[in-house]
Amino acid sequence: MALVIEARGLRKTFKNTVALAGIDLRVEAGRILGVIGPNGAGKTTALNAILGLTSYQGELKVLGLDPWSQRDQLMRDVCFIADVAVLPRWIKVSQAIDYVAGVHPRFDRAKAESFLAKTNIQRGSRVRELSKGMVAQLHLALVMAIDAKLLVFDEPTLGLDILYRKQFYDSLLNDYFDRSRTIVVTTNLVEEIQDVITDLMFINRGQTVLNCSMEELESRFIEVVVKPEQAAAARALKPIYERQSLGRTILLFERADRQQLSSFGDSRTPSIADLFVALMSNQGTQPQGGSR
Amino acid sequence: MSTQSNALSQSFGSNNMVPEISAPVHPLYWSIRRELWESRSVYLAPLGAAAVALFGFMISMTHFPARVHEILSLDPMKQQHAFAQPYEIATALIMGAAFIVSIFYSLDALYGERRDRSILFWKSLPVSDLTAVLSKVSVPLLILPFLAFAIVIVTTSIMLLMNAAALVGSSFTFAELWPRLALVQSGLGLLYHLVTVHILWYAPLYAWLFFISAWARRAPFLWAFLPPLVLAAFEKITFHTSYVSDLLIYRVSGGSDASMDGNDFAANPHAPMTPGAFLGEPGLWIGLLVAAALIAAAVRMRRYRDPV
């Protein structure tokens with residue numbers, strides 16, 4: 001499979017903070033990569049580098065191009081939603097469609113119109129008159145009508161209510177995604193992308209904490225609900241994380257002997273959220289807000 | 001304008017190879033239209049000024065026949081001035097509105113899109129920073145001057161009709177009024193003044209506003225106007241010289257002085273044009289070079305600075 005994104009030792013420092021401390025990344029065509037990390041982990045910086053919006057050190061190729069020096073060319077095949085609410089507030093829905101149709105050679109107006117027909121968005125409304133969820137729908141309609149090879153979303157559903165969030169990912173998967181496209185999405189809302197992504201990347205403090213496919217995750221990590229009397233024995237097998245839930249002890253193992261673990265209690269694949277908490281705490285760092 | 005690609009539209013979610021949709025695109029044209037969607041004051045302000053002028057002129061027409069006799073008792077030079085004055089004021093009002101809009105538009109052009117973060121949307125589309133900046137620069141340097149000129153012509157024509165209507169039944173005929181207004185000369189003079197002064201001579205001033213608009217993190221208005229004034233005052237106090245203020249004055253009025261003989265356009269719109277002297281003025285060419293450099297810097301900043 002062709003590599004859509006290839007980064008080696010991607011670094012970026014701002015005045016007195018290290019935003020990216022050398023990240024390696026390989027994304028093949030047809031994958032949906034979820035990038036997850038606490039606020040200030042470097043997610044947005046990494047995406048900005050991929051989109052040619054910010055300079056960086058290290059090697060980076062997106063669709064075979066150098067995003068920083070070949071940005072204009074890259075933007076014909078890459079589309080992104082950098083944030084919720086970046087559509088200008090003064091623009092009318094019809095103007096937004098006209099403009100994108102006028103400047104983007106791969107924009108299919110009929111597709112955008114038919115997507116909008118499924119929403120309550122009026123053609124004559126200005127963005128400032130729409131609810132936050134509707135603005136996200138409009139932006140998604142514009143982006144999905146573009147026949148792009150790579151689609152990048154940075155926190156696309158931040159601040160939206162649960163209905164819009166669900167709808168957003170449903171539309172993305174059902175109406176847009178096919179094996180010829182590649183999607184990279186960052187979010188803090190881990191649960192909502194659990195069933196969407198094919199690949200997972202955790203980053204913290206500008207470093208990769210985990211980078212694996214969902215299939216690999218299933219075979220690599222296992223969570224066991226341990227009976228109290230066997231807790232000590234289970235702990236001897238070196239779980240990477242332990243938590244208590246409803247009076248039961250839940251241990252998380254990495255690359256453990258499944259046969260052996262099954263005797264301690266029910267086992268299952270951990271949720272991304274639990275895995276995230278486990279790996280982040282093991283870094284000896286509290287997930288924290290802060291400067292980038 | 002845009003070509004539909006309905007014929008190429010696909011059913012959703014198909015795994016077939018999607019044919020390359022390649023509709024013809026016109027990034028500069030659509031970027032300029034985009035500017036006019038956003039900044040409606042570009043045409044609303046001069047139109048509003050024209051409406052006010054027309055309204056005032058209409059009221060004045062009710063006692064125009066009486067006023068004609070007063071004017072005709074003046075000496076011929078003053079006659080011409082008295083008849084033409086409302087036209088000159090209307091022109092000045094429209095041009096003044098366009099000029100003020102130009103200044104505020106230019107200062108906001110590259111600053112506003114960063115402030116409201118919409119630059120992240122514009123940058124997600126395949127429109128180069130050069131195209132984006134040039135579309136914005138064309139508003140004060142091409143669109144506004146010629147739009148204002150067209151509005152002046154239309155407004156003047158309507159005033160002329162009102163004048164003619166007010167003279168029906170009067171002993172003073174329209175045929176006698178027309179040569180006293182000298183409207184054709186005024187129109188040509190205005191067009192010449194716009195091209196020489198407002199476009200060519202003021203290009204570096206607008207470019208400076210765009211540069212500040214691209215550079216300033218906040219308060220572009222202050223950054224654009226205060227430093228030159230402070231610098232001039234500092235020079236005067238410290239060295240008792242006035243090179244900076246002379247340069248500023250030259251940049252504001254030098255083009256007008258060079259483009260017409262002895263008098264500036266506002267004082268006498270019928271002064272003889274001196275295009276040769278204007279084109280021979282080194283300040284014109286230096287100014288255009290400075291303008292190009294400032295615009296290039298603005299493009300680079302939009303391209304290479306971290307967004308928002």
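**Entry 1. The sheet around S13 of chain A**

I began with Val224(A) and found that it stands opposite Ser267(A) in S13(A). The model I consulted is a predicted one. I then looked up how S13(A) is held to strand S10 (residues 221-226) of chain A: two bridges join them, and the strands run antiparallel.

I traced the sheet as a whole next. It is an open sheet of four strands with antiparallel pairing, and I noted its order as S11-S12-S10-S13 (chain A). Strand S11 (241-245) and strand S13 (267-268) of chain A form the edges, each pairing on one side only.

Which helix lies across S10, S11 and strand S12 (248-254) of chain A? I identified helix H11 (residues 272-282) of chain A, which runs at about 130 degrees to S11(A).

**Entry 2. Strand S7 of chain A**

I turned to strand S7 (residues 182-187) of chain A and asked how many of its residues are buried. Six of the six are, so the strand is largely enclosed by the rest of the structure.

I recalled that side chains in a regular strand alternate between the two faces of the sheet. I therefore checked each face of S7(A) separately, and both are covered. Thr182(A), Val184(A) and Thr186(A) are buried on one side. On the other side, Ile183(A), Val185(A) and Thr187(A) are buried as well.

I then looked up the pairing partners of S7(A). Strand S3 (residues 32-36) of chain A is joined to S7(A) by five bridges, and the two run parallel. Within this pairing I located Val35(A) opposite Thr186(A). Strand S6 (residues 150-154) of chain A also pairs with S7(A) in the parallel sense, over five bridges. Here I found Val152(A) facing Val184(A) of S7(A) as its opposite residue.

**Entry 3. Chain A as a whole**

I recorded eleven helices and 13 strands for chain A. Its 292 residues give a radius of gyration of 21 Å; a compact globule of that length would have a value near 19 Å, and I noted that the two agree. Along the principal axes, the C-alpha atoms fill a box of roughly 70 × 40 × 35 Å.

I noted that 46% of the 292 residues of chain A count as buried. Of the chain A contacts between residues at least 6 apart in sequence, 71% join residues at least 24 apart.

**Entry 4. Confidence in chain A**

I looked up the mean pLDDT of chain A, which is 87, with 96% of the residues reaching 70 or more. Which elements of chain A have the lowest and the highest mean pLDDT? The lowest belongs to helix H10 (residues 258-262), at 79, and the highest to helix H3 (residues 93-103), at 95.

I marked residues 285-292 of chain A separately, as pLDDT stays under 50 there. For this stretch the model has 18 contacts beyond four places in sequence.

**Entry 5. Chain B as a whole**

I counted the elements of chain B next: 14 helices and zero strands. The radius of gyration of chain B is 24 Å, well over the 19 Å that the globule rule gives for 308 residues, so I recorded the chain as more spread out than a compact globule. The C-alpha trace spans about 85 × 65 × 35 Å along its principal axes.

I noted that 33% of the 308 residues of chain B count as buried. Among contacts in chain B between residues at least 6 apart in sequence, the share joining residues at least 24 apart is 76%.

**Entry 6. Phe57 of chain B**

I selected Phe57(B), which is found in helix H2 (residues 41-60) of chain B. Is Phe57(B) buried or exposed? I found 20 C-beta neighbours inside 10 Å, and Phe57(B) therefore counts as buried; the cut-off is 20 or more.

Setting aside neighbours within four places in sequence, I listed the contacts of Phe57(B) as Pro86(B), Ala90(B), Met159(B) and Met162(B). I also looked up Val184(B), 127 residues away along the chain, and found 20 Å between its C-alpha atom and that of Phe57(B).

**Entry 7. The contact between the chains**

I closed with the contact, which takes 34 residues from chain B and 36 residues from chain A. On the chain B side, helix H1 (27-38) and helix H6 (119-122) each supply at least two residues. H1(B) gives the most to that side, with five residues. I sorted the residues on the chain B side by character and recorded 16 nonpolar, twelve polar and six charged.

Note on methods:
Residues numbered from 1 in each chain as written. Chains lettered and ligands numbered in written order. Predicted model: local features only at pLDDT ≥ 70, side-chain atom pairs only at ≥ 80, totals over all residues. Contact = placed C-beta atoms within 7 Å. Nonpolar A, V, L, I, M, F, W, Y, C, P; charged D, E, K, R; others polar. Rg over C-alpha atoms; globule rule 2.2 N^0.38 Å. Buried ≥ 20, exposed ≤ 12 C-beta atoms within 10 Å, placed from the backbone. Pairing = 2+ DSSP bridges. Axes fitted to C-alpha atoms, helices over the stretch in contact; angles between N-to-C directions. pLDDT = per-residue confidence, 0-100.
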